[in-house]
Amino acid sequence: MKIGEIKELLHAELLCGEEYLDHDVFAACCSDMMSDVLAFVKDQGVLLTGLLNSQVIRTANMMDMVCIVIVRNKVPTEEMIELASDSGLVLMRSPLRAFEASGVLYYAGLGRREEDG
Amino acid sequence: MAENIRFHFDVDGENFTSAGEASVAVKKKLRQLGFSPDVIRKVSIAMYEGEINMVIHANGGTADVEVTDDEIVIVLADQGPGIPNVEMAMQEGYSTARDNIRALGFGAGMGLPNMKKYTDEMEIDTEVGVGTTITMKVYL
């Protein structure tokens, strides 16, 4: 799925990383616990989170993720946006809640295995 | 490699916002040096977890990274409270982090186990009231 498609599906507002909207991603992770993201993420390119601090950006960077979606229309700080931009990440905010946003992306095929139907 | 490459960082314990800056810098440098994504990922995640731990528990410390011909060695040293029970600290899910740290997205008790998981060798040298030095190696 293209990152641009994620933006459309989640009615998201893009905060930085417009140049990467054409990139493909294959799976996503939804968590407010960065410890868990660091422990369990493998090849998920997208992080959905309601947590707002600079460690969200650094965690995504460490895990080689390419896109962060802030849910519930929370507003990240300027510092976060700048850090994401410097790290070459897409940062967007969506009005959807974490559960809904995850469901929308999963239903649209992101991270869905064939055996899941 | 003719001479080992070394990086040194002071980790500021007062500032949670800047925690992880050393790991980001190391990741960038290893990428410039042309290491494989797998090696870069292991080193940077292990170091980042360690850096966060130093900020959460030990009021900062120092991080030293040395790149040799056959391994990358990361040494994280602090003068914090020390780890009273290393065996328990190594268990997944065991955490002594306070609630305010959990609110920041950390303190799930995955830090030390994760550092061990992502590295080929890990040694913890700790003394209560004196500090902790963690040495991790990733083979090349």
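Which residues is A:Ile68 in contact with, leaving aside its neighbours within four places in sequence? Select A:Ile68 and have a look: the partners are A:Leu47, A:Thr49, A:Val56, A:Ile57, A:Ala60, A:Ala84, A:Leu89 and A:Leu91. Contact here is a matter of C-beta atoms, placed from the backbone, lying within 7 Å of each other.

Before moving on, some housekeeping. This is a predicted model, in which local features need pLDDT of at least 70 and side-chain atom pairs count only at pLDDT 80 or more, while totals for chains, interfaces and linings use all residues. Residues are numbered from 1 along each chain as its sequence is written, and chains are lettered from A and ligands numbered from 1 in the order in which they are written.

**Stop 1: the sheet of chain A**

Stay with A:Ile68 and add A:Leu47, its bridge partner. A:Ile68 sits in β4(A), which pairs with β3(A) in the parallel sense over four bridges. Strands (DSSP runs of E, at least two residues) and helices (H or I, at least four) are numbered from the N terminus, and two strands pair if DSSP finds at least two bridges between them.

Now show the five strands of the open sheet, in the order β1-β5-β4-β3-β2 of chain A, with mixed pairing. At the edges you'll find β1 (13-16) and β2 (28-30), each pairing on one side only. From one strand to the next, the twist averages 20°, with axes fitted as lines to C-alpha atoms (for helices over the stretch in contact) and angles running from 0 to 180 degrees between N-to-C directions.

**Stop 2: the enclosed helix**

Next, select residues 54-62 of chain A, helix α3. Nine of its nine residues are buried, so the helix is largely enclosed by the rest of the structure. Buried means 20 or more other C-beta atoms within 10 Å of a residue's own, exposed means 12 or fewer, and partly exposed is in between, again with C-beta atoms placed from the backbone. Even A:Arg58 and A:Asn61 are among the buried residues of α3(A).

What do they pack against? In chain A, color α2 (34-40), β3 (46-49), β4 (67-70) and α4 (78-86); then add α1 (21-32) and α2 of chain B, which also pack against the buried residues of this helix.

**Stop 3: two loops**

Follow the chain out of α3(A) to A:Met63, in the loop that leads to β4. A:Met63 counts as buried, with 23 C-beta neighbours inside 10 Å. Not counting residues up to four places away in sequence, A:Met63 touches A:Val37, A:Leu38 and A:Val41. Try a distance to A:Lys42 as well: the C-alpha atoms are separated by 7.6 Å, with the two positions 21 residues apart along the chain.

In that loop, click A:Asp64. This residue has a positive phi of about 60° although it is not a glycine. Most residues other than glycine have a negative phi. A:Asp64 has 16 C-beta neighbours inside 10 Å and so counts as partly exposed.

Jump to the loop between β4 and α4 of chain A for A:Asn73. Here too is a positive phi, about 55°, on a residue that is not a glycine. A:Asn73 is partly exposed, with 13 C-beta neighbours inside 10 Å. A:Val75 is found in the loop between β4 and α4 as well, and with 12 C-beta neighbours inside 10 Å it counts as exposed. From A:Val75 to A:Met92 the C-alpha separation is 9.6 Å.

**Stop 4: the core**

Now select A:Val46, A:Cys67, A:Ile68, A:Val69 and B:Val43: these touch the most other members of the largest nonpolar core, which has 73 residues. Its largest share, ten residues, comes from helix α2 (residues 37-57) of chain B. Such a core is a set of buried Ala, Val, Leu, Ile, Met, Phe, Trp, Tyr and Cys residues joined through C-beta atoms within 7 Å.

**Stop 5: chain B and its contacts**

Finally, show chain B, with its five helices and five strands. They run β-α-α-β-β-α-α-α-β-β from the N terminus on. Of its 140 residues, 40% count as buried.

How many residues of chain B are in contact with chain A? Select them and you should get 18, facing 16 residues of chain A. Elements giving two or more residues to this side are α1, α2 and α5 (111-118) of chain B, with the largest share, five residues, from α2(B).

Key:
Contact = placed C-beta atoms within 7 Å.
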